[in-house]
Amino acid sequence: MAEVSRRILSDHSLPLALRKDIASSLNTLAKATSPLLEAIPARPPDIRDLIRRKTAAMVGISTGRWNNVRSHVCFALLHLEVITIPNRIDTPPSGAWAILLNQLTEKGLVAVLGRFARCCTRIGAAPAQVDDAFMNGYREDLLNRSLVSEPATNFRETVLAWNAAAEKVQGWPATRLTAPDNSLYYTPEWSTYPASLLADIELWLRGRSAGSGLFARLAPRRTLRPETVVSHRVHLRLMLGAMVHEGEDPAVLVDLAAVVTPERVHKACIFHLARAKGERSYVNARIASLALAIATHHLKMAGPDLAQLEKIAKQLRMSKRGMTERNKKRLRAMDDAGRTEALIHLPLLMAAEVDKAVKQTGKSTPSLARKYETALAFELVLFNSWRISNLGGLTIGETLLLRPDGRAVVAFHGSAVKNNQPIETVLSPRASAMLNTYLKFHRPLLADFPSNFLFPGKGTGRAKTLGALSHNIKTVLRERVGIDATTHFFRHFAGKVILDNDPRAIRIVQEHLGHESLASSHLPYGYRRVTSVLRPDGELERGLREIVPEQVIIVQRVFKCFAEGLPPAAIARMLNKEGVPAPQRLGWSAMTLRGRPSHGDGILRNRHYIGELVWNRRERVVDPMSGEAHRRLNPAEARIVGLVPELRVIDDHLWTAVQARLLASAAPQDQETGRQRFWEKRRPRHLLSSKVFCGACDGPFSVHRACHYRCNGVTRGLCNNRVAIKREVLEARVLAILAEQMMDPELAEAFAAEFTAEWNRLAGQHAAAEGHVRRELDAAECKLRSLLDAIAEGIRSSGLQAKLSGAEAEVERLRLSLASTKPTPVRLMPNLGHAFRRNLERLREALNAGNNPEALEAARALIERVIIHASPRGTPPGISVEGHLAQMLTAAQPELPPNAAKAIAEAAKMSVKEETRGRSPSPCLTPPCGGTRPGCRRGSVRSAVGVRRSILPCGRLR
């Protein structure tokens, strides 16, 4: 369509004002249907669908402006010969066509054939040329080269009108045209099937709905409403029709046993799955569940066939809980205050328009009566939020009672309501006034036959079909409010309005919508259900809760203990030791108290204790491939929070302190996946947990028999290192090695000095490079300012413009280069070796002091791996300890920022390794230079326990 706009603007054969108007209309079409005009294909079927889906109210413009947009779009496509049949044909019929049209007397034939005659005159076709071949071309033009609304229906009406005129009008061409069948027959008539099958279906339907009282054991588990029986009959017919379309002979379907087989049910489901373009649908789910119900209760089927039917039903099952995304989108549109105001006043506005027309004409007409009927239906469903079945079932004298004071009362028995909750409502004065006007002036024009229904239909004693009633309301919503929604939308809208006005009005929402219960999930610990309150109608009030005092004392105690610093595991142990009954059968646990941050569960995270009741926290989702159901968290904006201050048991100060501690102790979140890295917060049980490895297979050592470390590969026959060493003995030997050997101040100070010098040299190079880029950027910006000043003084030249573009590109390049440069590394202290020596001395003193958790954690941070080597029986095993130098360096300079500490860890990827095997030859010490630097010393150092230590040329300390 962007190309259409370009060609129209460049076509000088059209007036300039018309070209501008067409371009403006095309832009309006783009804003209404797509963000960009380039995204709209210039294909008539696509343009037709876009225009049909939108109304002036949806676009947010006046009706006249939207009509102009549609007219201009049609004119532009016709002018460029994209379409051949315009929406409005002004060409008068030719002489031959005029003679035939003058003989028509019926208005319907004149309207349909008059348009067809003008179209034929426009292309130069005479009446005698009209035959099936000509009409096929006309139909192709309507479908693919016109913007005519509903082209298939238009074509069929034209063919039927032609045949009717050929029969009634003398001199009309005798050619009979073939009328297309636009209906899609997926449900053949019941007479298609054998009588035995029909009898079996009736037997099953009667069995499904009969029996009560003393004969309940002879009946199914529950009695079905007549509407459900009708639904079963409809879906049975759909299932049978799908089988016939898939090649099954109706004659072989002699009874339900022949119908409900896994093979035939699978065929029917495949047929309807193809109709739904491979997506699960309500019809398919109902067919599969209905087949399973027949097989289970009527045929008493068992074995593999029943299992196969259960699998089909499980895969096609649709379980929708909570509000769908489409309904959420509709409600978001009602955030516009102007649209909400228009919706609320629309019924009264429509009634006023009808009253004005009645005053002008002096009486009502059927068209005005239908408009007033729609306004009344809109008023009733808007302010009462009834379901469409209850709205259409309003019966004067039964469910609709007129009081002497002019007010009306609507009362539905529980059996007539979907959730079996009775409805009794006194209509508002505004609705009652509209009802009286409707009954007095308009309804008599609509009731052609005797009927007690408020909205009468065609036929004696029949109500207006629910489809027609819903269609009228949907049309008004589309054209006057700009929302494409069903009548059920009003129930969501009522809940939104009530909760927006008062978030605590959950009870009002329940009463207004007639919901049975407010229960959203299981009750939290500390509350119980109230089962002794009755509503005014005598029914039990559901969803109420009350506080359990003895449990609330425990909840408050848990909050106070956690706020004082006691961990959840210790609190759980304390409660279990005291014998306090837990919410779960297995007793108190840390997870019961702490819960999960993403779910908001657990006692310490449950907002119910501060008087907030949360709905729609999770939804049930069924995997379309496996059929398994999963609980998925809804986003925070989709949840509904109601205030119940009477149920609050924790004050704000205590709640805030607890949540702050939970947040501080929470595991960090992964930036890529969004999941919490909980393993980083997991505390090790022992000093060497997950740090002991086998010297033979390099597999992990784990604790066996509660106190011995042993290689895991031995138990699986993958390793021959059968060394087993007590945990206490291994920890003592490792701590001795760490304190006496790895922390040698002379060796550590030598390495710290070399590392500090090299680190500071690299930091200086980085700072120099960054300073060079900054100086280049300053010079480029100065040059750019000079060029801009020259242009501001009036200097214009092509060379100046080129220099300006180059200067801007250079400034942008340097800015990007500077932005992508990593921060300058922090320079390390020159006396890092002395600080490292002091920290090692403090750590050695803490280790010698005995059981010091902080010292053990610090020592654990210095240990990277402990390797246990195989040894002959009766001799102590060899042990290798590798320590991480990065931890040593950051410990020596603790004031480093996190990024510098991380950089040191990356740069110091080397470790200290101490090997002890009883006695060993004299060790040697080799500096990082490999002994080549002047002044470097190479020599031997005697160790008290026989330790081999060296600093390898690669930078790895050994």
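This is a short walk through one predicted protein model, from the whole chain down to a few single residues.

I will start with the overall picture. The protein chain has 958 residues, and 41% of them count as buried. Along the chain there are 35 helices and 18 strands. If we take the contacts between residues at least 6 apart in sequence, 62% of these join residues at least 24 apart.

Now to the first sheet I want to show. It is an open sheet of 3 strands, in the order 1-2-3, and the pairing is antiparallel. Which strands stand at the edges? They are strand 1, residues 400–402, and strand 3, residues 423–426. Each of the two has a single partner strand, so one side of each is left without a neighbour in the sheet. On average, neighbouring strands here are turned by 15 degrees against each other, direction ignored.

As background, strands of a sheet pair through backbone hydrogen bonds, and the pairing is either parallel or antiparallel. In this sheet, strand 1 is joined to strand 2, residues 408–412, by 3 bridges. Within that pair, L402 stands opposite A408 of strand 2. On the other side, strand 2 and strand 3 pair over 4 bridges, again in the antiparallel sense. There, F412 has I423 of strand 3 as its bridge partner.

Stay with strand 3 for a moment, and look at its side chains. They alternate along the strand. I423 and T425 point to one face and are buried, while E424 and V426 point to the other face and are not buried. So I423 appears twice in this account: as the partner of F412, and as one of the buried residues of strand 3.

Further along the chain is another sheet to set beside it. This one is also open, with 3 strands in the order 11-12-13 and antiparallel pairing. Strand 11, residues 701–704, and strand 13, residues 724–726, are at the edges; each has a single partner strand, so one side of each lacks a neighbour in the sheet. The average turn between neighbouring strands is 35 degrees in this sheet, direction ignored. Strand 11 and strand 12, residues 708–711, run antiparallel and are joined by 4 bridges. In that pair, H704 stands opposite H708 of strand 12.

Next, the helices. Two packed helices are described by the angle between their axes and the distance between the axes. My example is helix 17, residues 337–361, against helix 20, residues 429–446: they pack at an angle of about 35 degrees, with axes 12 Å apart. The crossing is left-handed. Which residues of helix 20 make the contact? They are R430, M434 and H442, and they meet I344, H345, P347, L348, A351, V354 and V358 of helix 17. Sorted by class, this contact has 7 nonpolar, 2 polar and 1 charged residues.

Helix 14 covers residues 282–298, which is 17 residues. From its first C-alpha to its last it reaches 23 Å, close to the 24 Å expected at 1.5 Å a residue. Its buried residues are N284, A285, R286, I287, A288, L290, A291, L292, A293, I294 and A295. Just after helix 14 comes K300, which takes a positive phi of about 50 degrees.

That brings me to backbone angles. Most residues other than glycine have a negative phi. Two serines in loops are worth pointing out on the model. S385 has a phi near 55 degrees, and it lies in the loop between helix 18, residues 366–384, and helix 19, residues 388–392. S690 has a positive phi of about 65 degrees, and it is found in the loop between helix 27, residues 652–665, and strand 10, residues 692–694.

Are these two serines buried or exposed? S385 is buried, with a relative accessible area of 2%. S690, at 65% relative accessibility, counts as exposed.

My last stop is T158, in helix 9, residues 151–168. Why does T158 count as buried? Its relative accessible area is 3%, and the cut-off for buried is under 20%. Leaving aside neighbours within four places in sequence, T158 is in contact with V112, L113, F116 and M135.

That is the end of the tour.

Note on methods
Residues are numbered from 1 along each chain as its sequence is written. This is a predicted model: local features need pLDDT of at least 70, side-chain atom pairs count only at pLDDT 80 or more; totals for chains, interfaces and linings use all residues. Side-chain values use heavy atoms; hydrogens and water are left out. Two strands pair if DSSP finds at least two bridges between them. Axes are lines fitted to C-alpha atoms, for helices over the stretch in contact, and angles run from 0 to 180 degrees between N-to-C directions. A crossing is left-handed if the near helix is turned anticlockwise from the far one by less than a right angle, and right-handed if clockwise. Contact means heavy atoms within 4.5 Å. Ala, Val, Leu, Ile, Met, Phe, Trp, Tyr, Cys and Pro count as nonpolar, Asp, Glu, Lys and Arg as charged, and the others, Gly among them, as polar. The expected span of a helix is 1.5 Å times one less than its number of residues. Buried means under 20% relative accessible area, exposed over 50%, partly exposed in between (1.4 Å probe, protein chains only).
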